[in-house]
Amino acid sequence: MVGSQAILATFPDAPPTLLVSQDADVYPRNHPERATAIDGNLGDGSAFHEAFGYYAHGVGPETAKAPEGWEERLVAVKVLLKRGRVVTGWCMDAHDLVLAKCAAGRDRDWRYAEDAIREGLVEPSELLRRAPGLPLARADLDYVSAMLEALIQRVAPSA
């Protein structure tokens, strides 16, 4: 999982402000071709969506503009299925998730980053350390870095 709900892997009791999305961005890492099937079976307007009130959005590796090495930092989530079968899901690490949100740059993404910093779910110094690894053009990276530094100064000035 690479979207905002990936925060639940590390923080199952994350603040409600970080849990407002109705969708979960799911990247089928070992079978990227299954993203379309995820949309069709579990996506917006599906029977699953109608039954549970949320849906899955199948995405590819290019969806999250996360810092280099993000796939090596994924957080494992074990899920017990029927008949005792256990499967492992992989969710983006909280720092990489927040940086991907900053790279997306929408107002809601910056609010997400602000809330994660304010709640102490991510370390500002680690965000700043990983930020140069974002896959962005130099001008965009400079902008995101400046915005992130200003946000940290406003939310966690002692960091």
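Let me begin with the cysteines: the sulfur of cysteine 91 is 19 Å from the closest cysteine sulfur, which belongs to cysteine 102, and that is too far for a bond. I should say at once that what we are looking at is a predicted model. A disulfide, in general, is a covalent bond between the sulfur atoms of two cysteines, and the cut-off used here asks for sulfur atoms within 2.5 Å. Cysteine 102 is accordingly in no disulfide, with the sulfur of cysteine 91 as its nearest cysteine sulfur, 19 Å away, and the structure as a whole holds zero disulfides. As for their surroundings, cysteine 91 counts as buried because its relative accessibility is 8%, and cysteine 102 counts as buried as well, at 1%.

From there I would like to move to methionine 92, which lies in the loop between strand S4, residues 86–91, and helix H4, residues 94–104. Is methionine 92 buried or exposed? Its relative accessibility is 0%, so methionine 92 counts as buried. Leaving aside the neighbours within four places in sequence, methionine 92 is in contact with Met1, Val2, Ala6, Ala64, Ala66, Trp70, Leu74, Leu97 and Ala100. Its C-alpha atom and that of proline 28, a residue 64 positions apart from it along the chain, are separated by 13 Å.

Leu97 also appears in the environment of serine 4, a residue placed in the segment before helix H1, which covers 7–10. Serine 4 is buried, with a relative accessible area of 10%, and, with neighbours within four places in sequence again set aside, its contacts are Leu18, Ser21, Leu97, Lys101 and Tyr112.

The last topic is a pair of helices. Two packed helices are described by the angle between their axes and the distance between the axes. For helix H5, residues 107–118, and helix H7, residues 138–155, the axes come within 10 Å and cross at roughly 40°, which means that H5 is oblique to H7. The crossing of these two helices, H5 and H7, is right-handed. Which residues of H5 and H7 make the contact? On the H5 side they are Trp110, Ala113, Glu114, Ile117 and Arg118, while H7 contributes Val144, Met147, Leu148, Leu151, Ile152, Arg154 and Val155. Divided by character, the residues of this contact of H5 with H7 come out as nine nonpolar, three charged and no polar.

Methods
Residues numbered from 1 in each chain as written. Predicted model: local features only at pLDDT ≥ 70, side-chain atom pairs only at ≥ 80, totals over all residues. Heavy atoms only, no water. Axes fitted to C-alpha atoms, helices over the stretch in contact; angles between N-to-C directions. Helix = DSSP H or I, 4+ residues; strand = E, 2+ residues; numbered from the N terminus. Parallel < 35°, antiparallel > 145°, perpendicular 65-115°, else oblique. Left-handed = near helix turned anticlockwise from the far one by under 90°. Contact = heavy atoms within 4.5 Å. Nonpolar A, V, L, I, M, F, W, Y, C, P; charged D, E, K, R; others polar. Buried < 20%, exposed > 50% of the residue type's maximum accessible area, 1.4 Å probe, protein only.
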